[in-house]
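Let's take a walk through this protein together. Have the model open, and turn it as we go.

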Amino acid sequence: MLILCKGSIASDPYKMPYTGERVYSLEELCYYVYHHIYSITEEFFEMSLAVWLREQTGHTVLAKKMENMIQAGDNLKDLVVTLLCGCDYYREDEIRGLIGIMDEIANLPIYRKKKIKADNYLRAGCYGKSLFEYRKLLNGSFAVNFTTEEYGDILHNQGIAHFYTSSFSDAERDFREAFARNNKKESWEHYLWVLLIEGREDDFEAEAARAGWNDEEKNAVRKRFGEAELQCVYPAQKDTDLEAYREQLRMAYMRE
């Protein structure tokens, strides 16, 4: 995607709080916010953003406005509109349309907003924080608001968080229970993957057969597993080294 930039190009990019994605101009920043509005919250607007606008892009007036608004705790809609109006990348009617979407988001029930918050943490790689939020959704009073499939999807995401926080057994349980609720192949595939990581080949075969998977489907999972293994250096047979290897494998898998 090519973005026409009329302003200054930063020598040091701005790193997004959630995704770590980098932008080098105000236009790129506005494009990102516009197309990721469902994941943008007040927490996105950190004071470092105002500093970057002033020091890297030369938008001193906009930087001062953003700084004052962030300090004052202005609402998300005003922050977004002020930023988008800082350049002429989007037309007035496009900004009005985005305001309508933000109004819809603002009117979401609290449990939907909390789900978005947990997903944002997961997307950003803040796995401990996402795990904390998912547990509150699954075990608290909000759980009754989700459909069976939605509950399964949250379990799946919790499994990813567990996968990253050194708990293969918890991740295995999450993916298995997620599939029982959402009936999505992705959850079952993640479950089988964890079995392979744990070296439980017989269980992998039995569970794949129980789900009616054919050889082609099983081999596809094994292929991805093998590709991940190739990215790792197998260590000496020491407990600490084996744990390091498991961590390498975990990271290689999650990059897929």
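Start with a charge and a ring: the charged end of Lys-185 sits over the ring of Trp-213, 5.3 Å from its centre. Keep in mind while you look that this is a predicted model.

Now for the nonpolar interior. The largest nonpolar core is made of 35 residues, and Phe-163, Phe-175, Leu-192 and Trp-193 have the most contacts inside it. Which helix gives this core its largest share? That would be H10, with eight residues. Plenty of other helices chip in too: at least two residues each come from H6, H7, H8, helix H9 (168-182), helix H10 (185-197), helix H11 (201-210) and helix H12 (215-230). There's also a second core, separate from that one, with 34 residues. Val-33, Ala-50, Met-69 and Met-102 are among them.

Next, the aromatic rings. The count of aromatic pairs comes to twelve. Take Tyr-111 and Phe-146, an edge-to-face pair with 5.2 Å from centre to centre and 85° between the planes. These two rings link distant parts of the chain, 35 residues apart: Tyr-111 belongs to helix H6, while Phe-146 lies in the loop between helix H7 (127-139) and helix H8 (148-164). Are they buried or exposed? Both Tyr-111 and Phe-146 are buried.

Compare that with Tyr-127 and Tyr-164. Their ring centres are 3.8 Å apart and their planes are at 20°, so this pair counts as stacked; the cut-off for stacking is planes under 30 degrees apart. Here, too, distant parts of the chain are linked, with Tyr-127 in helix H7 and Tyr-164 in helix H8, 37 residues apart. Tyr-127 and Tyr-164 are both buried. Elsewhere, ring pairs join Tyr-31, Tyr-34, Tyr-89 and Tyr-90 into a cluster.

Finally, have a look at the pockets. The largest pocket has a volume of about 500 Å³. It is lined by 20 residues, and the closest to its centre are Thr-41, Glu-42, Leu-76, Ile-105 and Lys-113. Three elements give two or more residues to that lining: helix H4 (76-84), helix H5 (92-106) and helix H6 (110-123). The largest share, six residues, comes from H6. What sort of residues make up the lining? Ten are nonpolar, seven are charged and three are polar.

One helix is worth finding again before you leave: H6 supplies residues to the largest nonpolar core, holds Tyr-111 and gives the pocket lining its largest share.

Terms used
Residues numbered from 1 in each chain as written. Predicted model: local features only at pLDDT ≥ 70, side-chain atom pairs only at ≥ 80, totals over all residues. Heavy atoms only, no water. 1 Å grid on protein atoms, 1.4 Å probe; cavity = no way out; pocket = protein on both sides within 12 Å on 5 of 7 lines; lining within 4 Å. Points joined across faces, edges and corners; volume = space filled by probe spheres on them. Helix = DSSP H or I, 4+ residues; strand = E, 2+ residues; numbered from the N terminus. Nonpolar A, V, L, I, M, F, W, Y, C, P; charged D, E, K, R; others polar. Phe/Tyr/Trp six-rings, centres within 6.5 Å; stacked < 30°, edge-to-face > 60°. Buried < 20%, exposed > 50% of the residue type's maximum accessible area, 1.4 Å probe, protein only. Lys NZ or Arg CZ within 6 Å of the ring centre and 35° of its normal. Core = buried A, V, L, I, M, F, W, Y, C linked by side-chain atoms within 4.5 Å.
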